[in-house]
Amino acid sequence: MVTDLTRRKLLKMALASASLTSASSMVGCATNLVGHSQRDNVVSNKQPAIIGCSRRLSGGYAAVVADSTGMPLYQFALPARGHGIAVQPHGSLAAAFGRRPGHYMQVFDYQTGGQFPLIIAKPNRYFYGHGVFSADGQYLFATEGERGTSQGIIGVYRISTLSDKGDIEKVSEFTGFGIGPHEVVLADNDTLAIGVGGVHTKGRTPVNLESMQPALVYLDIKTGELIEQAVLTNKQLSIRHLSVTESGDVVCGQQFRGEPEQAAPLVAIHQRGKALEHLQADEEEWLRFNHYIASIASLDGYLLATSPRGNCYGIWREIDKQLIDLQPLIDASGVGVINSKWVVGSGSGKMLTVSQHGQQRVSHSPVLWDNHWSVLA
């Protein structure tokens with residue numbers, strides 16, 4: 001009942017935003033898509049560098065386009081908490097996804113701040129928080145789930161069909177790869193990598209922790225065919241967040257679904273054709289992450305992973321998989337690479353610039369960043 005009411009509310013919001021849309025606006029030129037009442041004014045002449053979801057001090061949630069210092073260029077309200085951001089290569093579009101189980105996808109132009117009307121999940125579907133564009137920018141792949149079963153779906157959307165009314169053609173659905181998918185990335189131009197959590201939920205309540213089957217799966221981007229699957233021995237490690245290293249390996253961050261006092265390795269790395277390998281840390285160090293990894297980014301043979309629940313981040317060497325630094329950061333959230341250094345955000349507005357060897361420079365952003373952001377290349 002609650003979810004149906006939420007969906008009806010979002011549909012009303014989508015219709016309202018559609019009424020503000022300029023009929024002459026086209027995909028990739030969204031300057032006039034939304035009136036200024038729907039978004040904040042430009043506050044800087046700098047270039048977009050960071051895109052992410054946030055919480056607002058006044059209440060509610062927003063998507064934010066910021067410069068490299070974390071100062072917002074554009075920001076606009078989201079109808080419910082957002083999660084991941086997908087950014088279009090060779091274009092100016094981005095898509096924010098509602099937090100699992102999500103009811104909306106918000107497409108916008110990060111160069112102008114213009115919004116398209118909300119895309120609302122079908123009655124028997126949820127958005128699961130993440131998506132990725134194809135390498136040519138022509139298709140958007142979204143993690144979705146079937147309401148009632150949590151069966152995983154990759155929704156395939158053709159970007160050229162995106163209209164100023166918020167309509168977009170779903171040209172395919174990839175299925176049969178597991179329950180509860182979360183993040184999807186491009187392993188290469190022809191292959192999707194998906195973190196399959198394995199958790200069936202009612203709302204956000206898990207109901208199958210004794211039988212969950214998490215996996216890292218690879219699908220053919222054109223056909224949806226299952227190409228490869230990698231699993232962890234511990235089936236209580238729900239694979240959730242992904243990153244691709246500079247060498248092309250896939251790193252996955254886990255959520256441990258076991259007992260609170262138990263320690264478990266929360267980051268693993270996968271080379272195609274081989275088994276998943278855990279990164280190394282002491283039990284006490286893994287417990288610092290409070291059973292959850294949010295965002296991961298690689299830099300010159302090192303990996304940085306954040307944990308908002310653990311209020312910390314860690315740095316590992318890829319070559320021997322050893323933890324070399326573990327630092328506190330309240331509500332540690334998104335991470336990316338700018339000018340050959342990591343930039344790490346937080347839900348407190350604190351931002352860190354971090355070198356491979358752990359040196360920090362601290363700055364502050366007016367944005368209360370959520371779990372993830374996308375850094376523009």
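Among the residues discussed below, Ala, Val, Leu, Ile, Met, Phe, Trp, Tyr, Cys and Pro count as nonpolar, Asp, Glu, Lys and Arg as charged, and the others, Gly among them, as polar. The structure itself is a predicted model, and its protein chain is built from two helices and 30 strands. Of the 377 residues in the protein chain, 57% are buried, and the surface that the chain exposes comes to about 15,600 Å², with carbon and sulfur atoms supplying 48% of that area. Among the contacts in the chain with a separation of 6 or more, 49% are made by residues 24 or more positions apart.

A good place to look next is the largest pocket, which holds about 1,200 Å³ of space. It is lined by 37 residues, and those closest to the pocket's centre are Val185, Ser243, Trp373, Ser374 and Val375. Several strands give two or more residues to this lining, including β4 (82-87), β8 (125-133), β18 (237-244) and β30 (368-375), while the largest share, five residues, comes from β12. By the classes set out at the start, the lining of the largest pocket divides into 23 nonpolar residues, 13 polar residues and one charged residue.

Strand β26 (332-338) also gives two or more residues to the lining of the largest pocket, and the loop between β26 and β27 (341-346) holds asparagine 339. This asparagine has a positive phi of about 55° although it is not a glycine, and because its relative accessibility is 71%, asparagine 339 counts as exposed. Serine 340, which lies in the loop between β26 and β27 as well, has a positive phi of about 60°, and serine 340 is not a glycine either.

Further along the chain, threonine 353 has its place in strand β28 (residues 350-354). Threonine 353 is classed as buried because its relative accessible area is 14%, which falls under the 20% cut-off. Leaving aside neighbours within four places in sequence, threonine 353 is in contact with Lys341, Trp342, Gln359, Gln360 and Arg361.

Two further features concern the covalent chain. The peptide bond from arginine 100 to proline 101 is cis, with omega near -10°, and proline 101 is found in the loop between β5 (93-98) and β6 (104-109). A search of the whole structure finds zero disulfides. Cysteine 53 is buried, with a relative accessible area of 1%, and cysteine 312 is likewise buried, with a relative accessible area of 0%.

Definitions and conventions:
Residues are numbered from 1 along each chain as its sequence is written. This is a predicted model: local features need pLDDT of at least 70, side-chain atom pairs count only at pLDDT 80 or more; totals for chains, interfaces and linings use all residues. Side-chain values use heavy atoms; hydrogens and water are left out. Helices (H or I, at least four residues) and strands (E, at least two) are DSSP runs, numbered from the N terminus. Buried means under 20% relative accessible area, exposed over 50%, partly exposed in between (1.4 Å probe, protein chains only). Contact means heavy atoms within 4.5 Å. Accessible areas come from the Shrake-Rupley method with a 1.4 Å probe; for residues, only the protein chains shown count as cover. On a 1 Å grid over the protein atoms alone, a cavity is a set of points where a 1.4 Å probe fits but cannot get out, and a pocket is an open set with protein on both sides within 12 Å along at least five of seven lines; lining residues have an atom within 4 Å of a point. Grid points are joined across faces, edges and corners, and a volume is the space filled by probe spheres set on the points. A disulfide is a pair of cysteine sulfur atoms within 2.5 Å.
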